[in-house]
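Please read this short report alongside the sequence and the model. It moves from the whole chain to single residues.

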Amino acid sequence: QHWLEFTKSVVKQMRAQPPFTMCFRVKFYPTDPAALKEEITRYLVFLQIKRDLYHGRLLCKTSDAALLAAYILQGLMLQGCACAVQCWAGGGADFHVHVFHGIFFFFLFFPSCSGQTPATSELNFLRKAQTLETYGVDPHPCKDVSGNAAFLAFTPFGFVVLQGNKRVHFIKWNEVTKMKFEGKTFYLYVSQKEEKKIVLTYFAPTPEACKHLWKCGIENQAFYKLEKSSQVRTVSSSNLFFKGSRFRYSGRVAKEVMESSAKIKREPPEIHRAGLVPSRSCPSITHGPRLSSVPRTRRRAVH
């Protein structure tokens, strides 16, 4: 599945057969979610990250996951037990373990958590989540040159490679000089300190998945690295501009989004909080590829 592109007709982007399913998701995670001005925006980001934890995509230590679950439970305690029951009934085995540890952490830290409003619990949740290595990852399954399975992922801070539930590579966006693909092969050109240049090579399952990986990399780098959307340029997948695929990111960049958020002047919208709604649409990093790695139908992007 893919994100819907605002510049194209929705009908033309529906390649699969009906019925179609469209999901409301966060595409670009904020580098500092606590800096978002409106509570409703922070709440939507909170829901997305809670979903990532729920589906095993936000990989972290058990103690960190339990603390996040404790913040979730704190918010649910003030909303009634029905939300907590729904949260428990829909989760998988790993999520149940996190909730169990979360209950322990909740009572362990109850004196400091007591009296926190849902908004405060969610803010604490976001502050903790953004410190984790897999915060905001968009994982794509692939293999390295040795044939080992890996996930390539783009985050607000740079490009990461995950293997065996661990981060084995982290490259900041300003160190990435170029991305290109040829067939199933994806190349990442990196320039690090002391003019050290390296090329990372990975192999996607299909040429279509590789092209999608390349496009995601281009738009993530543009969104997080550039100062203004006017700086966005068309990028070619080939050394020769008239050959290969060309792609141009369309939309605002992170700095513009945050500046626009800071200028919002209106009455805070009313928030109707709810428990976590189960979804089978996105398997975890540990149990299967994320939908964005399979280019069929598309999802709507949230900036």
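The sections below cover the fold, the cavities, one helix and two buried residues.

## Basis

This is a predicted model: local features need pLDDT of at least 70, side-chain atom pairs count only at pLDDT 80 or more, and totals for chains, interfaces and linings use all residues. Residues are numbered from 1 along each chain as its sequence is written, and side-chain values use heavy atoms, with hydrogens and water left out.

## Overall fold

The protein chain has eight helices and eleven strands. These are DSSP runs numbered from the N terminus (helices H or I, at least four residues; strands E, at least two). Of its 303 residues, 47% count as buried, meaning under 20% relative accessible area with a 1.4 Å probe, protein chains only.

Contacts (heavy atoms within 4.5 Å) often link distant parts of the sequence. Among those between residues at least 6 apart, 63% join residues at least 24 apart. The chain exposes about 16,000 Å² (Shrake-Rupley method, 1.4 Å probe), and carbon and sulfur atoms supply 56% of that area.

## Cavities

The structure holds two cavities of 30 Å³ or more. A cavity is a set of points on a 1 Å grid, over the protein atoms alone, where a 1.4 Å probe fits but cannot get out; lining residues have an atom within 4 Å of a point. The largest has a volume of about 90 Å³, taken as the space filled by probe spheres set on points joined across faces, edges and corners.

Its lining has 14 residues, with Lys-27, Gly-136, Asp-138, Phe-154 and Asn-220 nearest the centre. Helix α7 (residues 207-225) gives the most, three residues. By class, the lining has seven nonpolar, three polar and four charged residues. Asp, Glu, Lys and Arg count as charged; Ala, Val, Leu, Ile, Met, Phe, Trp, Tyr, Cys and Pro as nonpolar; the others, Gly among them, as polar.

## Helix α1

Helix α1 (residues 39-54) has 16 residues and an expected span of 22 Å at 1.5 Å a residue. The expected span is 1.5 Å times one less than the number of residues. Its end C-alpha atoms are 22 Å apart, which agrees.

Buried residues in α1 include Tyr-43, Phe-46, Gln-48, Lys-50 and Leu-53. Gly-56 follows α1, with a positive phi near 75°.

## Two buried residues

Val-26 lies in the loop between β1 (2-4) and α1. Val-26 is buried, at 7% relative accessibility. Val-26 and Gln-48 are 22 residues apart in sequence, yet 6.5 Å apart in space, C-alpha to C-alpha.

Ser-261 lies in helix α8 (residues 254-262). Its relative accessible area is 12%, so Ser-261 is buried. Leaving aside neighbours within four places in sequence, Ser-261 is in contact with Leu-36 and Lys-37.

Conventions. Buried means under 20% relative accessible area, exposed over 50%, partly exposed in between (1.4 Å probe, protein chains only). On a 1 Å grid over the protein atoms alone, a cavity is a set of points where a 1.4 Å probe fits but cannot get out, and a pocket is an open set with protein on both sides within 12 Å along at least five of seven lines; lining residues have an atom within 4 Å of a point.
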